[in-house]
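This briefing goes through a selection of side-chain environments, grouped by topic. Please keep the sequence and the coordinates at hand while reading.

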Amino acid sequence: MTVTSARLDPSAPEAAIAAMASAVTNWGRWGQDDALGTLNLIDETARTRAAGLVRTGVSVSLSLPFDMNGPQRGWRRRTNPVHTMLDTGTDAERGVQGFPHGIGGADDVIAMPLQCSTQWDGLGHIFDHGVAWNGRPAGDVVTSDGDLVTGIEHAASVITGRGVLLDLGRHVSPATGELEDGYAITVDDLESCVDAQGPTSTVGPGDILLVRTGQLTRARRDGWGEYAGGPAPGMSFTTAPWIRARDIAAIATDTWGFEVRPNEFDDAFQPLHQVAIPHMGLTIGEMWDLDRLAQICAAERRYEFLLTAAPLPITGAVGSPINPIALL
């Protein structure tokens, strides 16, 4: 199915969001009780096929560090992880831990928002006019007890499949490998990147798509700056039909917010999220480190791999930190 870039009227977000939601909806597709959305597309056949992509055994972590040096600036109380030691080697040396016959140990604790670093947005993370994934009232889904219906724990054993990297940074800006902040990735960009990278970049049903913009490369070099919530390259709102037509199971980027920022409407906040999560049922990943993977893929001219990216089974959570692993 051929999908071209749609026109967008920046002055009419409400109508555009409603029309797009209607065009790409997956409500009822996997039953009224569904808790996985597009992750249903990663079935046993898809995982078996993905396992056959491992050739060299090279393993690449796609996660940022979880530490105090992360990108968060405190927006909506999102902070960087706070790591505290409860027992240390110093305690052991001084014999103050109270253990018998010389044994000692170390223990630690971490406090952090679940979406402060490399993470998945769960299906309970975003609503549209008070409605959650599959047409449920948002208040029936997420309460003070957490996500009672689509909690991230439902995806704990699901997200292992064929990963595909589209290196838009290198494709669009070969001189720098980095898209400028505010660059909206269109369907034409995605299709031309697939053509340029070759057949291993073909994106199809059940695939987990990784989109490298190069913004993380820039932040790593120049400092975090406004990486968390500021201007950024990202997916255009107009790519929603392309994502839906290809039955992509999940998408992750190397940016804070997945979609282009500033957003493409005069008055809007994350409109692609507003369509993709509650209407399409799409699991979205953000702040993934795709740089080393991109180097390997470019050197081998092979952009497909086995990808495993299980969320922590945190009961009722609307997102989860992860350590995605690409096996080539």
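Leaving out residues up to four places away in sequence, Asp-181 touches Gln-215, Arg-218, Pro-231, Ala-232 and Pro-233. The model is a predicted one, and the points below start from Asp-181 before turning to two buried charged residues and to the aromatic pairs.

**Surroundings of Asp-181**

- Asp-181 is found in the loop that runs between helix 5 (168-172) and strand 10 (184-185), and with a relative accessible area of 40% this residue is partly exposed.
- Two of the residues touched by Asp-181 are also polar partners of its side chain: the side chain of Arg-218 makes a polar contact with it at 2.8 Å, and the side chain of Gln-215 does so at 3.3 Å.
- Since a salt bridge is a side-chain nitrogen of Lys or Arg within 4 Å of a carboxyl oxygen of Asp or Glu, that cut-off is the one to keep in mind for the two buried charges described next.
- Asp-181 and Tyr-227 are 46 residues apart in sequence, while their C-alpha atoms are 9.6 Å apart in space.

**Buried charges without a salt bridge**

- Arg-261, placed in the loop between strand 13 and helix 9, is buried and yet has no salt bridge, the nearest side chain of opposite charge being that of Glu-259 at 7.1 Å.
- The side chain of Arg-261 does have polar partners, however, as it reaches the backbone oxygen of Gly-229 at 2.7 Å and is joined to the side chain of Gln-270 by a polar contact of 3.1 Å.
- Not counting residues up to four places away in sequence, Arg-261 touches Gly-182, Gly-229, Gly-230, Pro-231, Ala-232, Trp-256, Phe-269 and Gln-270; Pro-231 and Ala-232 are also among the residues touched by Asp-181.
- Glu-286, which lies in strand 14 (residues 283-286), is likewise buried without a salt bridge, and the nearest side chain of opposite charge, Arg-78, is 5.4 Å away.
- The side chain of Glu-286 makes a polar contact of 3.0 Å with the side chain of His-273, and the residues in contact with Glu-286, leaving aside neighbours within four places in sequence, include Ser-117, Asp-121, Thr-253, Trp-256 and Phe-258.

**Aromatic pairs**

- A search of the whole structure finds 6 aromatic pairs, one of which is the edge-to-face pair of Trp-75 and Trp-256, with 5.5 Å centre to centre and 80° between the planes.
- This pair links distant parts of the chain, 181 residues apart, with Trp-75 in the loop between strand 1 (59-61) and strand 2 (82-87) and Trp-256 in the loop between strand 13 (250-253) and helix 9 (271-280).
- The two rings belong to residues of unlike exposure: Trp-75 is partly exposed, with a relative accessible area of 38%, whereas Trp-256 counts as buried at 7%.
- Phe-237 and Phe-265 form an edge-to-face pair, at 5.2 Å centre to centre and 75° between the planes.
- Because Phe-237 lies in the loop between strand 12 (234-235) and helix 8 (240-245) and Phe-265 in the loop between strand 13 and helix 9, their pair ties together parts that are 28 residues apart in sequence.
- Phe-237 is buried, with a relative accessible area of 3%, and Phe-265 is buried as well, with 6%.
- Trp-75 and Trp-256 form one aromatic cluster together with Phe-269, and Arg-76 lies over the face of Trp-75, at 5.8 Å from the ring centre.

Terms used
Residues numbered from 1 in each chain as written. Predicted model: local features only at pLDDT ≥ 70, side-chain atom pairs only at ≥ 80, totals over all residues. Heavy atoms only, no water. Helix = DSSP H or I, 4+ residues; strand = E, 2+ residues; numbered from the N terminus. Buried < 20%, exposed > 50% of the residue type's maximum accessible area, 1.4 Å probe, protein only. Lys, Arg positive; Asp, Glu negative; His and termini not counted. Polar contact = N/O pair within 3.5 Å; in protein donor to acceptor, adjacent residues only side chain to side chain. Contact = heavy atoms within 4.5 Å. Phe/Tyr/Trp six-rings, centres within 6.5 Å; stacked < 30°, edge-to-face > 60°. Lys NZ or Arg CZ within 6 Å of the ring centre and 35° of its normal.
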